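Subject: Structure handover

Hello,

Here is the structure for you to look over. My notes on what turned up follow below it.

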Amino acid sequence: MQDWTIRCDVLVVGSGGGALTGAYAAAASGLDTVVVEKTALLGGTSSYSGGAMWLPGTAVQERAGLDDSTDQARTYLRALLGEAESERQEAFVATAPVLVDFLERDSHIEFEYRPFPDYYRAPGRKDAGRSINAVDLPAGELGELRELIRPEPNTDRAGKPQPDTTLIGGRALIGRLLLALTSTGRADVRTRTAARRLIVEDGRVVGIEAATADGGSLTIRAERGVLLAAGGIEGNQVMRDDNRTPGDARWTMGPAGANTGDLIAAAVEIGADTALLDEAWWCPGAEMPDGSGSFLVGVRGGILVDRTGVRYLNEAQPYDQFGRAMIAHGVERSVPSYLVFDSAEGGPALPSIAIPEAPARDHLDAGTWVTAATIEELADRIGVPGDTLGDTVERFNDFSKRGTDEDFHRGEDPYDAFFCPPNADLANPALRPVATGPFYAARIILSDLGTKGGVRTDVDARVLRADGTAIDGLYAAGNTSASLSGRVYPGPGVPLGTAMTFAYRAVGHMIG
């Protein structure tokens, strides 16, 4: 007989947006709920994110006067994904409005619409986007809970605590969910508690064995079910190599030590099937002076060239498609690439949003950026043929004059110009010439916002075996599960939106 340290109704492993949504759904329904997080801070990759949630056809879009509906979202997903996962597609779009209504009934949770284009030109797309965000949260409303929330990447990587300011983006979402969860009086949230093994009785998962920060262990029994929402394999180089996942664990945007695939491996050990373990939510990354990666969002200037000095993609396209173009070009040629830019923004300023950032001086001292007075000299400093880079820049500048990128169609999609300031001197604001010296080249690597492969699940997030049968008592959501979106990233907030929706459905199934 197992000697249980803790007993509860629902056990949630992980603390991101999906995990805390599932935990709140359980606790708000009167179920005793335990949340375990192996690191010292709550929020995981969700806290690093902009906090967008792709939850279509909800009251939030309606309040904003946005013409959106479940039918339009269904059309868009079907155009991108076809019949793959059609049942889960339907479950997602049907549940999203129900989830938002449920969450907003709690006084701590409030959402608003913020424009950010969907990523693909397809039927049902919203050019201004349909994603929603948690309303910014003053830190004072959190009290002591503020110290538990993982801060933004610059602060977190420096080992500093959450500043006493307003929480925005993903941190606002985590803060609001945490307030709602703790206010139920039914939640036991434990940090520094690492799930190591799933405990099975008579074919049903009934709990976990976990390690504590002091070197001890405990066992937690969950009568209704165990929900795994603890991230993917992005931080585990061995699992990346074993599954041929491109990129490097040093370059991922997942928090250090947080997402190492422990629970995916534990589920596989008891018979779970997996899919998409070679996949991720890709993005270009600027190599940081310490060798880590910085997520580049919305490149608005410069050109990207490979090791031969040739341009090979549309630099202004959505970041996942940017990353996929790097992979398609051949990682041996595209990693590293170089973002070649000029001084038109008034100095050594990367023409993109970079999360996190580092001072230009640190980059130049580390050699992750180089500078030169001419393009030819710059080519020599990054080791590409001077004539080739010169021709590439000259061709792009000619496109800028004419307003048309004949090679990669930069600026023809609404997303391409979303981050570009209006410029009356340019026929196409996404095609700013590279013409004002001194010039710079930043090393660009293949990064990710987390992997998107994991255990296979059904419409209620039940973990499946290879034969399609469900493992009783075990559920998974977010990056611990194989993504509904497959090898496509439909729009901003799909990772969070699907994680939250299927975590909610998992708890609904436990209750039902």
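How are α1 and α7 oriented to each other: roughly parallel or roughly antiparallel? They are roughly parallel to each other, because angles under 35 degrees count as roughly parallel and over 145 as roughly antiparallel, with 65 to 115 roughly perpendicular and the rest oblique.

First, the ground rules. This is a predicted model, where local features need pLDDT of at least 70, side-chain atom pairs count only at pLDDT 80 or more, and totals for chains, interfaces and linings use all residues. Residues are numbered from 1 along each chain as its sequence is written, and side-chain values use heavy atoms, with hydrogens and water left out.

**Helix packing**

α1 and α7 pack at an angle of about 20°, with axes 9 Å apart. (Axes are lines fitted to C-alpha atoms, for helices over the stretch in contact; angles run from 0 to 180 degrees between N-to-C directions.) Helices are DSSP runs of H or I, at least four residues, and strands are runs of E, at least two, numbered from the N terminus. On the α1 side, Gly17, Leu20, Thr21, Ala23, Tyr24 and Ala27 meet Ile174, Leu177, Leu178, Ala180 and Leu181 of α7. Contact means heavy atoms within 4.5 Å.

α1 (residues 17-28) also packs on α15, at about 30° with axes 8 Å apart. That makes α1 roughly parallel to α15. From α1, the contact uses Gly17, Gly18, Thr21, Gly22, Ala25 and Ala26; from α15, Leu496, Ala499, Met500, Ala503, Tyr504 and Val507.

**Helix α7**

α7 covers residues 169-183 and reaches 22 Å from first C-alpha to last. The expected span is close to that, at 21 Å; it is 1.5 Å times one less than the number of residues. In α7, 13 of the 15 residues are buried, meaning under 20% relative accessible area (exposed is over 50%, partly exposed in between; 1.4 Å probe, protein chains only). Just after α7, Gly185 has a positive phi of about 75°.

**The core**

The largest nonpolar core has 79 residues, and Leu103 and Phe111 touch the most other members. Such a core is a set of buried Ala, Val, Leu, Ile, Met, Phe, Trp, Tyr and Cys residues joined through side-chain atoms within 4.5 Å. Helix α15 (residues 494-511) gives the largest share, nine residues.

**Asp416**

Asp416 sits in the loop between α14 and β16. It is buried, at 3% relative accessible area. Its contacts beyond four places in sequence include Asn314, His409 and Arg410.

Best wishes
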